[in-house]
Structure formats: structure tokens, C-alpha cells
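Let's look at the empty space inside this protein: where it sits and what surrounds it.

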Amino acid sequence: MCGIIGYIGNENAVPIILDGLKRLEYRGYDSSGIAVMNEDGFDVVKQKGRLSALEELVTRSSVKGFMGIGHTRWATHGEPSDINSHPHLGSQNKVAIVHNGIIENYRQIKERLEQKGIEFVSQTDSEVIAQLAEYYHAGDIVETVIRTANALEGSYALGIMCLDEPDKLIAIKKDNPLIIGVAEHGNFIASDVPAVLAHTNKVYYLNDKEIAILTKTGVEFYNMDREPIHKEPEIITWSLKSAEKGGYEHFMLKEIMEQPKVLKDTIQSAAGDGDNRRIIESLDISKFNRIVITACGSAYNAGMVGRYVFERLCRIPVEVELASEFRYKDPIVDYNTLVIIISQSGETADSIAAMREARRRGAVTLSIVNVIGSTIAKETDYTLYTMAGPEIAVATTKAFSAQLALLYILAVAFAKKLNRISDEEEGRLLSEIASLPDKAAEMLEKFDAIQKYAVTCVGCKSIFFIGRNIDYAIAMEGSLKLKEISYIHSEAYAGGELKHGTISLIEENTLVVAISCCEGLYEKIYSNVEQVISRGAKVLFIGNCIKAVPGEKLEIIELPKINEMFASSLSVIYLQLFSYYVAANKGLDIALIIESMHRTYEKQIFP
Ligand code: F6R
């Protein structure tokens, strides 16, 4: 996820673009840049780091112009650096672009253009767009954009300027958002409404493969056959503040809602033709006799889910270790061990220390990380990236889901390499995984039952989460999420463990959240549900194989059917929403608005 903005009008584009970028910073903040067109060509200022650094640089320069594009980046290809920042130019400096998305066939395009003598300067997938557009350009920019878009595979939202057309700003998109804003003094393109709301509330939403040609005084739309299309503008009624969160009250809810897209991108990159696939293919799993997964907090819980899936599919022993404990336990790892480090930020001090300890002992390390160029990503032997985009909320949601998706795909790939599953079985499992984004979207369209139930739980003093097998692993995540943001005491238990002591804490109206997606264990978990109800507990029973009927003490919420190995990706969505609505209804805004950038800083300073 990145943020893009463009302006053409009667005013100086520079302050307008900088202000728009500030409002898009939640979409990416590892680097940023701006390009404006003037009589001599493009003025480009771009650099690694937070937007404030760019602002300072631009203020010191004399950059000025009536048309420009800006970008705030969250790296997906090529680490954050000045060179990899956008905008990107073709090598003849005739075309400038900003891009949000992932170009899957960029390697092929790059190779083709390099063979024709075109020199690339960055490691990004985005630069190929500028180079290709310049290569195709024969005087007619619309034709150039159509040819370029036809050659691209993947997702894109693009802002394009061409020196030959100094009075046109061009936009096109596929699978990534782009809006066109229309103001008195000029016209805009932007990734999201907040970037333009200070100037106008009149916007057009661009559909896939629609082209917008903006001039100072108007905007025209075309399809890929160059036929003009008519679009109706929409009037935005949100305030600027709520618009930044896409109309959601908190980033946490926005990020929960983004999960179908994040799942889709992550699955595509690892099971389709993305960079993650190439890394997975290059790993020789046959040389490992053990896998150790190490991580902290939610990332550790993702590892717990992953362990069940790896062991079931690959029949390799897997241990999951808390990264904060790993280096103190004289860990048994060597060159026959694959150590998987999971981290959203890639900067958690304990996870870094665990990774270094594993490397010191000769283990092969593979990381599952969200932040490109982070310490863990750089120092591990293999790195898989979760395609979650920046996670702003303190409580991880979408990055956790992306971690699970990568662990599933890795487990299937390893099982296939080890001949534990047939081609058909591999195909069946991958198509189950591929169904996750749609099933997640379906759940996020009708979540009123979980929302209503959460409202009734705000007064709870203590909440227990139970499950068995993989459902136990995801119960741990449900419990962590709840205590983290609602400040309610909570514990997760394997259902069968309750009777060994903890059951004495279950009393009249204690809330127990039970999860049931492991069909073969349904009767077992149901008997735990009956036990706690008989002690007076109320139970929220979430699953996709539940046969019980709801009652005074038993609320049931159904999940879509899916292979039970991957069902945690669905149950976690309702567990996240449950925590969110309990916290929101307790009025705990503080917990919900803390940003994870601060959290990462604290984790580094106070490991
Ligand atoms: C919980 C949460 C934390 C992180 C943990 C690890 O919602 O966000 O438990 O999962 O601090 O952080 P990363 O993944 O950045 O290493």
C-alpha cells in the first residue's frame, strides 16, 4: 500500500501535494517524493524517511509548478532508499509516474527493456512502468497509457505526466483505489479522499482500467478502447478526520476490513507468480529435520497455528518458541534446523536477538516480515513478505492474517517437496487457501451478530477462550487481542485442560468464548461448553461445524466452511471484531488509537 496524489491547476502544486501526502501517510511512510513539471522538464525531490524530511528538503529547494505528482511509499519491491522512492522517470526524463500496487511481471518487462539498452536505476517494480511508457510513447499519451497498461500484470493505481503533454495529468487504475477530485482552482488524482478533502468534496471513483485525463479546467474519462465514458461525481459528506480512516472510527477497524485484500495479495505473491513464490521454490526443505518457529505476541500465536499445519502436512517436528525466551534456553538448533522468525515490524528486539542466536548456531533462517528492509528481513537467509501494507493500529490484525496465509502456503509447498502430498492434494489445498479472501469478505459483510454480542460483554471482569488443536492456537490470539485493547483479564485454554484446575474460576455469568472448526473434535469441545454452562458460564460458540442449538446461555455464530487447517484465518476475524467492539463500547479510545509506530519504537528501546 502506498499513497499517491497529483494536481493540475492554477495554484502552485507543491504545497498542495505535500499537504495531500500528509493525509495519506497512513498508507506508507518509509519514503516519499514529489515531481512537478515546468518549462525545463521535471523537478524531482524524493528521499527515504518520514514525510517531514521531504517537506524540509522541498522547502529549501525552489521547486514550483502548476502540475505535479507525489507519493508516500510502503516498500514492496526494493528496500526503502532515495533511489527506490517515487516518482520514477524514464531514462530520457520524458515520463514521470507514481504507482501504488504490485507489478507481477516486472522482471520480464525489465529484462526486455534492458535488452533494448534501457538502463534502470532502481530495484522497484514501479520503474518499469515509467520506462515502458517512455519506450512506447510515440506522441499520443493516451495511446501510450493504454499500451503500457495492457502490458502490465498485477495491480496498479497510476499518476502519469509526460513532457510532450504539459497540460495533461493522466490516471489509470486496476485493483488499487484511485479517485479524481474536482475543485474550483484545479483537479486532483489521489489514492484516497482525505488527500483532496481540504480542496473539494466532489470526487469521481475510478473503476478498473478506466483512464482519466485531467486538465486545469476539467476531466475526461475513457475506456481502454479509447471511447469516452460518462461518470457521475459523488459528494463526500465525511469530516476530514474520519475520512483519513476511510470513514471508520479507528484504524484497527479499518485494518480488519482490509483483510480480504491483504489475503488476496499475500496469497498471490506466494502461491501465484510473485517474489515470495520464487523464494519458497528456492528453499531445499529436504535438508531439515526440524523446524523452530520463534516470535513474540501475536506473531508467536501465528506460529502456533502454523505448527499444527506444518506437522499435519509435512510430518516434520515443529517447535514454537517465544523469542523473548529463545536465547536464554541454550536452544537446540543447528544446520539441520530451519528457524522461522515471524515479525510484522521486523524490528522487535527479542525477535532480532532470537534470529541472531539461531544464525550463530548455524541454523538456516527464514523470516516472515511485513516491513521491507527491516533488520530481520535483511539478516535472515530467506525472507517472505506479508503484503499487509502499513499497520497503524496498535493491535495487529491484517499482518497476522497475512502471516497465517504465508505459513499455510509454505507448509503446502514443503509437503509437496517432501512428497507427503500428491499434485491433486496440493491443488485442492491451494484452492482452499485461495478461497480465504472471498470468505473473509463474506464474513465482513455481515458481522452484526458478533458486534451485538460484544456490546453485552463490556462489563465482563474476565473472559476465557477455549479451543482444541488449531482452534486452541487461535483462541490464544483471541485472548491476547481482547486483553490488549479492552483491558479485560482473559486466558486461553486448550479445552481439555479446564478440568485440571481452571474450571474453578468459571462461575455464574463468566464469559467463555469457545471455537470449533476442527470437526473431528467437535464432541470434545462441545462437552467443555456443556461443563462451563453447567457451572453458570455464558458461552459464545464460534465455528463452522457446530451442531448445538442456541439457548439462554449459549450464543452461536457460524463461520463459512473451509478445510479446518485454514479455518483460523476465518475465526480470527470474528475474534478481532469481538475485541474491537468490546473495547470501543467500553469507550477505550486510548487503546484503540495508539499507533504501532510508537509501539515498535518502545519494543526496540525496552526489549
Ligand atoms: C498484538 C501485537 C503484538 C505483536 C508483537 C510482535 O496485537 O501486535 O503482540 O504481535 O509485539 O511484534 P512484531 O510482529 O512487530 O515482531
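What follows is a short tour of the largest pocket and the largest cavity.

This is a predicted model, where local features need pLDDT of at least 70, side-chain atom pairs count only at pLDDT 80 or more, and totals for chains, interfaces and linings use all residues. Residues are numbered from 1 along each chain as its sequence is written, and side-chain values use heavy atoms, without hydrogens and water.

On a 1 Å grid over the protein atoms alone, a cavity is a set of points where a 1.4 Å probe fits but cannot get out; a pocket is an open set with protein on both sides within 12 Å along at least five of seven lines, and lining residues have an atom within 4 Å of a point.

| Space | Volume (filled by probe spheres set on the grid points) |
|---|---|
| Largest pocket | about 910 Å³ |
| Largest cavity | about 40 Å³ |

The largest pocket has 47 lining residues, and M1, R27, P177, E258 and K261 are the closest to its centre. Domain 1 (3–243) and domain 2 (245–445), with bounds from an automatic or database assignment, each give this lining at least three residues. β6 (95–103), a DSSP E run of at least two residues, makes the largest contribution to the pocket lining, at four residues.

As for cavities, there is one of 30 Å³ or more. Around the largest cavity sit I97, I129, A133, I141, T144, V145, T148 and I160. Helix α5 (141–151), a DSSP H or I run of at least four residues, gives the most to this lining, with four residues.
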